[in-house]
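Trainee: I have a model open and want to learn how to read it. Where do we start?

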Amino acid sequence: MEIVTQLETHRRSQPTAIALGTFDGVHIGHRAVIENVLNRPGLVPAVFTFSHAPAGILGKQPAGMLATPAAKQEILEQMGIRLFISPPFLSVRDMEPQTFLRLLSDRFGAKYFSCGYN
C-alpha cells in the first residue's frame, strides 16, 4: 500500500476511488464506507483521512482512537486499499469544498467518492 502524508508533492496517474473520513478505527460503519471503493473497475481503491483527528484542532473534545495508525493501515491494506492518504488536517482546513475536490481530482485522479452521513 502506498502511503501519502504530503498533498503538495503527490501526483497520481491512475484514477482512484476514495473513501473519505476520520476513520478513528475500522469498525463496521467505517468498513461500509471503505468497501464502496473496493472493486470499482479501473479505479485504484484509496482512503483519505487525517494524521490527527480534526476535533482536537478545532477546539472540540476529540474522541478516543479505536486503532493506532499502524493498525489501521494494516487493516486497510488487508481489505484491499492500495493508496492511503493521511495529511495533517491543517493542510486542508481552510480550503473551499470545490478546491478540496479539485485537489483530490488533480493530485489523486479521484473519479469516485464514498463517505458517511457526517
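Mentor: With the vocabulary. Helices here are DSSP runs of at least four residues, strands are runs of at least two, and both are numbered from the N terminus. Keep in mind that this is a predicted model.

Trainee: Which pattern does the protein follow along the sequence?

Mentor: Reading along the sequence gives β-β-α-β-α-α-β-α-β. That comes to four helices and five strands.

Trainee: What share of the contacts joins residues at least 24 apart?

Mentor: Take contacts between residues at least 6 apart in sequence; 83% of them join residues at least 24 apart.

Trainee: How much of the protein is buried?

Mentor: The cut-off is under 20% relative accessible area. By that rule, 39% of the 118 residues are buried. As for the outside, the protein exposes about 6,800 Å², and 53% of that comes from carbon and sulfur atoms.

Trainee: Let's take one helix. How far does H4 reach?

Mentor: Compare the span with the expected one, at 1.5 Å a residue. H4 covers residues 97–108, 12 residues in total. From first C-alpha to last it reaches 16 Å, close to the 16 Å expected.

Trainee: Which residues of H4 are buried?

Mentor: Phe100, Leu103, Leu104 and Phe108. Look down the axis of H4: these buried residues fall within an arc of 95°, so they line one face of the helix.

Trainee: What covers the buried residues of H4?

Mentor: The cover includes strands E1 (2–4), E2 (16–20), E3 (44–48), E4 (83–85) and E5 (110–115).

Trainee: What comes just after H4?

Mentor: Check the backbone angles there. Gly109 takes a positive phi, about 65°.

Trainee: Now a charged side chain. Is Lys72 buried or exposed?

Mentor: Go by the number. Lys72 has 4% relative accessibility, so this residue counts as buried. Lys72 sits in helix H3, residues 69–79.

Trainee: How many residues along the chain lie between Lys72 and Gly25, and what separates their C-alpha atoms?

Mentor: Always set sequence distance beside spatial distance. Lys72 and Gly25 are 47 residues apart along the chain, yet 6.3 Å separates their C-alpha atoms.

Trainee: Which residues does His30 touch?

Mentor: Leave out residues up to four places away in sequence; His30 then touches Phe23, Asp24 and Gly25. His30 belongs to helix H1, residues 28–35. At 13% relative accessibility, His30 also counts as buried.

Trainee: So Gly25 turns up twice.

Mentor: Yes. His30 touches Gly25, and the C-alpha atoms of Gly25 and Lys72 are 6.3 Å apart.

How values were computed:
Residues are numbered from 1 along each chain as its sequence is written. This is a predicted model: local features need pLDDT of at least 70, side-chain atom pairs count only at pLDDT 80 or more; totals for chains, interfaces and linings use all residues. Side-chain values use heavy atoms; hydrogens and water are left out. The expected span of a helix is 1.5 Å times one less than its number of residues. Buried means under 20% relative accessible area, exposed over 50%, partly exposed in between (1.4 Å probe, protein chains only). The arc is that of the directions from the helix axis to the C-beta atoms. Contact means heavy atoms within 4.5 Å. Accessible areas come from the Shrake-Rupley method with a 1.4 Å probe; for residues, only the protein chains shown count as cover.
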